[in-house]
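User: I am new to reading protein models. Could you take me through one, feature by feature?

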Amino acid sequence: MKRFLVFLIVATTTMAVQAQYYRSNRSTTPFSEGKFYVGASLTGLDLSYSGIDNFKAAGSAHVGYLALDNLMITAEAGLDCSDDKCHSLLAGVGGRYYIEQNGLFLGAKVNYVHGFKSYNDVMPGVEVGYAFFLSRTVTVEPSIYYNQSFKRHSDYSRIGLKLGIGVYL
């Protein structure tokens, strides 16, 4: 619970700082149409929960394109590990909507998950996060996510925190 509260405090503080920065630099919006995005994220490390795993870590790579101002289309590929061994691969598509000039984003996606022990699932998911700009193009992106399993809800659905890094080109 302490980690979650610290995360909320840091996210709220960074949003206020970031909003002030973009108010003073309105001519340069990072979420304008035609930009590309490349990113990677790490989740788990005891920050996610499901009914079947004790320890959980996952990594994924993302690419995206801002088709319209503040609206990004994304693709994702990743590896999911728990209890000291990797057990599934995932691939998916989705989208993000950036709330105008403050870095807060809402995301939705659908992933196909292929488990190494004859486990296959289609998992839609949602996330809420914040793109904190370290420079004009590089971001740190903490987010909260939920992935819904159609295979077995109580064991494979997942809620957790994700920490990503992104580059807007």
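User: Let me start with one residue. Is Ser-157 buried or exposed?

Analyst: Bear in mind that this is a predicted model. To judge burial, look at relative accessible area: buried means under 20%. Ser-157 has 8% relative accessibility, so Ser-157 counts as buried.

User: Where does Ser-157 lie? And what does its side chain reach?

Analyst: Place the residue among the helices and strands, then look for partners. Ser-157 sits in the loop between α2 (153-156) and β9 (158-168). Its side chain reaches the backbone nitrogen of Ser-149, at 2.9 Å.

User: Now the nonpolar residues. Which ones form the largest nonpolar core?

Analyst: The general idea comes first. In soluble globular proteins, nonpolar side chains tend to be buried together. In this model, the largest nonpolar core has nine residues. They are Phe-31, Tyr-37, Leu-66, Met-72, Tyr-98, Phe-105, Ala-131, Phe-133 and Tyr-168. A second, separate core has five residues, including Leu-90, Val-113, Tyr-119 and Tyr-156.

User: Pick a member of the largest core. Where is Phe-31, in the chain's layout?

Analyst: Phe-31 is in the loop between α1 (2-24) and β1 (36-49). Its relative accessible area is 1%, so Phe-31 is buried.

User: What does Phe-31 touch, beyond residues up to four places away in sequence?

Analyst: Skip the sequence neighbours and you see what the fold brings together. With those left out, Phe-31 touches Leu-66, Leu-68, Asp-69, Asn-70, Tyr-98, Gly-103, Ala-131, Phe-133 and Tyr-168. Take Gly-103. Phe-31 and Gly-103 are 72 residues apart along the chain, yet their C-alpha atoms are separated by 8.8 Å.

User: And which residues does Met-72 touch, on that basis?

Analyst: Not counting residues up to four places away, Met-72 touches Tyr-37, Gly-64, Tyr-65, Leu-66, Gly-94, Gly-95, Arg-96, Tyr-98 and Tyr-168.

User: That list names Arg-96. Is Arg-96 buried or exposed?

Analyst: Use the cut-off again. Arg-96 has a relative accessible area of 8%, so Arg-96 is buried. This residue lies in strand β4 (residues 85-98).

User: Which residues is Arg-96 in contact with?

Analyst: Leave aside neighbours within four places in sequence. Among its contacts are Tyr-37, Asn-70, Met-72, Phe-105, Gly-107, Glu-127, Glu-141 and Tyr-168. The C-alpha atoms of Arg-96 and Gly-107 are 4.3 Å apart, though 11 residues separate them along the chain. The side chain of Arg-96 also makes a polar contact with the side chain of Tyr-98, at 3.0 Å.

User: Asn-70 has come up with both Phe-31 and Arg-96. What is its phi angle?

Analyst: Phi is a backbone angle to check by its sign. For Asn-70, phi is near 70 degrees, a positive value in a residue other than glycine. Asn-70 is found in the loop between β2 (56-68) and β3. At 6% relative accessibility, Asn-70 counts as buried.

User: Last topic: empty space. How many cavities of 30 Å³ or more are there?

Analyst: Count the cavities, then ask what lines each one. The count here is three cavities of 30 Å³ or more. The second largest has a volume of about 120 Å³.

User: What lines the second largest cavity?

Analyst: The lining has 15 residues, of which His-62, Thr-74, Glu-76, Lys-109 and Glu-127 lie nearest the centre. β3 (71-82), β4 and β5 (104-115) each supply at least two lining residues. β4 gives the most, with five. By class, there are four nonpolar, six polar and five charged residues in this lining.

Notes: Residues numbered from 1 in each chain as written. Predicted model: local features only at pLDDT ≥ 70, side-chain atom pairs only at ≥ 80, totals over all residues. Heavy atoms only, no water. Core = buried A, V, L, I, M, F, W, Y, C linked by side-chain atoms within 4.5 Å. Buried < 20%, exposed > 50% of the residue type's maximum accessible area, 1.4 Å probe, protein only. Contact = heavy atoms within 4.5 Å. Helix = DSSP H or I, 4+ residues; strand = E, 2+ residues; numbered from the N terminus. Polar contact = N/O pair within 3.5 Å; in protein donor to acceptor, adjacent residues only side chain to side chain. 1 Å grid on protein atoms, 1.4 Å probe; cavity = no way out; pocket = protein on both sides within 12 Å on 5 of 7 lines; lining within 4 Å. Points joined across faces, edges and corners; volume = space filled by probe spheres on them. Nonpolar A, V, L, I, M, F, W, Y, C, P; charged D, E, K, R; others polar.
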